Structures are given as structure tokens and as C-alpha cells.
Amino acid sequence: MTVEAATAAFRPTTGEGAIRPLVFTKRTKRGDRDYAAPPAPVPLVDTHAHLTCFWTKDPAEVLVRAAQAGVRGLVTLYDPLGDEMDLATYRSALDAWLDGARALAARRIPSDGEPVPASSGRQELVSGSMPTGAQGASPTPMSSASPAAESDSAPSMFSVSFATESDSASPGAPVLAKALDELIANLRFLVGAHPYGTPDYTDATHAVLKEALADPRCVGVGEIGLDYHFDADDDIEAAPHDMQMAVMARQLALAVERDVPVELHLRNDAGDAARTAHADALRVLDAQGVPSAGCVLHCFGEDRATMERFLERGCSIAFGGAATFKRNEPVREAFAACPLDRVLFETDCPYMAPEPIRGLECEPAMIAFTADALCRDRAARTGEDPAAIARAAGANARRLFRMGAAEGTR
């Protein structure tokens, strides 16, 4: 199914103290379908989000939508080889995105059909009616991510612009602004070179990692690791395995030395039954040691047996949108078996949006779909409370990445 566009409704509240749910629209050859983001029963944390990599989305708008969807903590990444900016430029960009998000959260939000002056170059968002029943009580602690009801009228189009002195705040703006403030207070970043950059990793690159770790917002090393897959889409050949292992070991050693957490990217070549990348990564971890601050397998896509070998080394396991794909039953089995104190959620945005919005450009707000689907699936297998599973994942993330306690949990 070809997706022509992905957009989200952008209205914060229906009344005092309530933030209105997001609606994502999937435009296909068979017509548009709306999907309301499931309400988050607890604060969510996205532990792996590439704010530098969006194709069509503005990071400031993305952060506001994340707050709207219940995200209250976020870990993003800076790759000195993969990102097309130096560290100083990255820091400035991050500050600009946060300032832009604050301005958007505080601005006047239009009602349906009300025109808003367009800003030059701003992304257009679709404003649709709330889906039938979206404001009602969920029959379970975490609601089903089923298609939203169709709107009776065609959606109106408007452009998002930043606040100006003449803008008046909407009644719900303070609620959204408070949610965004909490998210920004718990925004962290990691620094590391993806294995694609292995041939270009030098002493100068390593020095950038050390410099970045001096920033109080930089709380770890990542994503680093091993990628033995030939990327046909981008025509990227895997670097020699021994070279990748050496660069992974050097960055891992820095994380051990600084006692900061590390996030690992591990991908096997297609058809590799021996799962060589994971086997080699275990060798590197055994040789260099696992940081006492933590080690995370990001975007886990393997089976329970593979997971358990990393759990034995003290690793945590992060599950993203791919875990919701129909073919990934072994990943869901692993999620159900993962100890609650090792479970994490992530998006790996802009890649791999979860079902039922797979194919859209992913963003942190979509973690609501992933957490909802995986917690309900695990609960059906184990009898646990879905909200308790989500709560554990959030607590794990805040502990690993030195975030403050979520509102209402202090």
C-alpha cells in the first residue's frame, strides 16, 4: 500500500486539564484513514529518536506533538560522522528546536476552518474532526489503536506559524505548555558514530565524543555497534567486520571509562542464521565490559534466546514500532518475557512507524501506538496490568538517562 502523505491533527485541548488526542491520517490509493493515538495511561519516554533525520517534518512541531501524545522524556542522538553538522551547530539547532516548540505550544490554536497566517516554508498539517468516541472512556487501561471514524466533512488545511506578540493563547495552551516543559526538562542526547561511519572514524571523531559528553544534556554514547547488512536502498556496503568491532570497542571503552550508558545498533546480514552481528557484539561486550550505568539494545528485532544472552550481561532491551509488525511474533514473545526492569520503548524515528500507521514518517508521538499494542499483547500473555508495564518502561528510561520523575509520581 503506497502512502502519499502523513499528517497529524494539531489541537491541544477540549477543556481545562485535558489535552486533545492526536489523529494521524494515512493517505492511500484507497482513500484517507484516520487513526487516533491511543491515550497514554502513564507518561511515556522515547529512548531513541533521530531529530536530525526527518525528511518532511519540523523538529519543533514534532516535539509539541510528542507532548500532546503523552511523551514526557526523550533521548535523541548526535552522530559526528552521519549528521551533516558539527557539534556546535548541533547544539544550536537543538536549542532552536526547543525554543520553536515552546513558541508553538504557547500560540493560539485555531478552531476548525479558521484561517491562520501562513509562515514561509512551514509544513502544512491536516486538521480533522475528532474521531467518534475518542474522548470517551477506554474499555481497557490502554485502548485499541483502531481506525478513527471518518469525519463528516472534508478536513480543513492550515499552516502552523510561530507565536507573535499579537497572538492570543488558546484556553488549552497552558496545559500543553506544561506538558512540553516537562518533556524538554527530560530531553537528553547521546553521542556516537553509527557503524556506517566505521571507515571514517578517527582520533578527531573520538575527541568530539569526549567534548559532547561534557554537555550536561549528553548522558551517554550511542548509537554504536555492528551492522553487517548490505543496505541496497542507499547502496551502503558493510565495513569489514573486524574494523567495525574495533570502532565499537573504542566507543564502548569510552562509555565504560565515563560510566555512562551506551545504546547498541546490531543488525545481521539477510539470511544469517548464525546472527553474527549479535555474536560478535557479545564478544566485544565481554572484552570491554558493560558500563555499570547501563547498556541498551536499541530497536530489538530478535528472538527470546538472543535477548536472554544480552540480559545475562545486564543489558536493557528497547522495543520500537517494528515489534508491532505482523511478521514479528518472535519479537513480541521476547517482549513478553523481558524482565520488567529491563524493558524500554523507542521510535527510532523517522524510521519504522508502528502498526496501524506503518509507512508514515515516524515521530516520537507515535510511541503511543507502540506502547499500547505491546503492553496489551504482553498483558494477554501474562495477565499483567498494561499500565504497569508502560509505567515500568518509563521508570527504567528515567533511571538510565538521568531524567526527573514524571509528574504525579514524585
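In this predicted model, Gly383 adopts a positive phi of about 85 degrees just after helix 9. Helix 9 itself covers residues 367-382. At 1.5 Å a residue, its 16 residues should span 22 Å, and the C-alpha atoms at its ends are 22 Å apart, so the expected and modelled lengths agree. Much of the early part of the helix is listed as covered: its buried residues are Ile367, Ala368, Phe369, Thr370, Ala371, Asp372, Leu374, Cys375, Arg378 and Ala379. Both Asp372 and Arg378 thus appear in the buried set, alongside residues such as Phe369 and Leu374.

The loop that joins strand 15 (343-345) to helix 9 contains Pro350, and Pro356 is found in that loop as well. Each of these prolines follows a cis peptide bond. The bond from Cys349 to Pro350 has omega near 15 degrees, while the bond from Glu355 to Pro356 has omega near 5 degrees.

Positive phi values also occur in residues other than glycine. Asp259, which is not a glycine, has a phi of about 55 degrees and is located in the loop between helix 5 (241-258) and strand 12 (262-267). Its relative accessibility of 41% falls between the limits of 20% for buried and 50% for exposed, and Asp259 therefore counts as partly exposed. Arg402 likewise is not a glycine and has a positive phi near 55 degrees; this residue belongs to the segment after helix 10 (386-400). With a relative accessible area of 46%, Arg402 is also partly exposed.

The protein as a whole comprises 10 helices and 15 strands. Of its 410 residues, 54% are buried. The accessible surface amounts to about 16,800 Å², and carbon and sulfur atoms account for 50% of that area. Among contacts between residues at least 6 apart in sequence, 78% link residues at least 24 apart.

The largest nonpolar core holds 94 residues, and within it Phe24, Leu63, Leu180, Leu264 and Phe319 touch the most other members. Helix 2 (residues 87-106) makes the greatest contribution to this core, supplying nine residues. A further core, set apart from the largest one, consists of 12 residues, including Val75, Leu190, Val219 and Leu344. For Leu264, when neighbours within four places in sequence are left aside, the contacts are Ile224, Met248, Leu285, Cys295, Val296, Leu297 and His298. Leu264 lies within the residue range of strand 12 (262-267), and the contacted Met248 lies within that of helix 5 (241-258).

Phe24, another of the core members with the most contacts to other members, falls in strand 4 (residues 23-28), where five of the six residues are buried. Strand 4 pairs with strand 5 (residues 31-36) in the antiparallel sense over six bridges. Within this pairing, Arg27 has Asp32 of strand 5 as its bridge partner. Two residues separate the strands, and together strand 4 and strand 5 form a hairpin. In a regular strand, side chains alternate between the two faces of the sheet.

Terms used:
Residues numbered from 1 in each chain as written. Predicted model: local features only at pLDDT ≥ 70, side-chain atom pairs only at ≥ 80, totals over all residues. Heavy atoms only, no water. Core = buried A, V, L, I, M, F, W, Y, C linked by side-chain atoms within 4.5 Å. Buried < 20%, exposed > 50% of the residue type's maximum accessible area, 1.4 Å probe, protein only. Helix = DSSP H or I, 4+ residues; strand = E, 2+ residues; numbered from the N terminus. Contact = heavy atoms within 4.5 Å. Areas by Shrake-Rupley, 256 points an atom, 1.4 Å probe, with all protein chains shown as cover. Pairing = 2+ DSSP bridges. Expected span 1.5 Å × (residues − 1).
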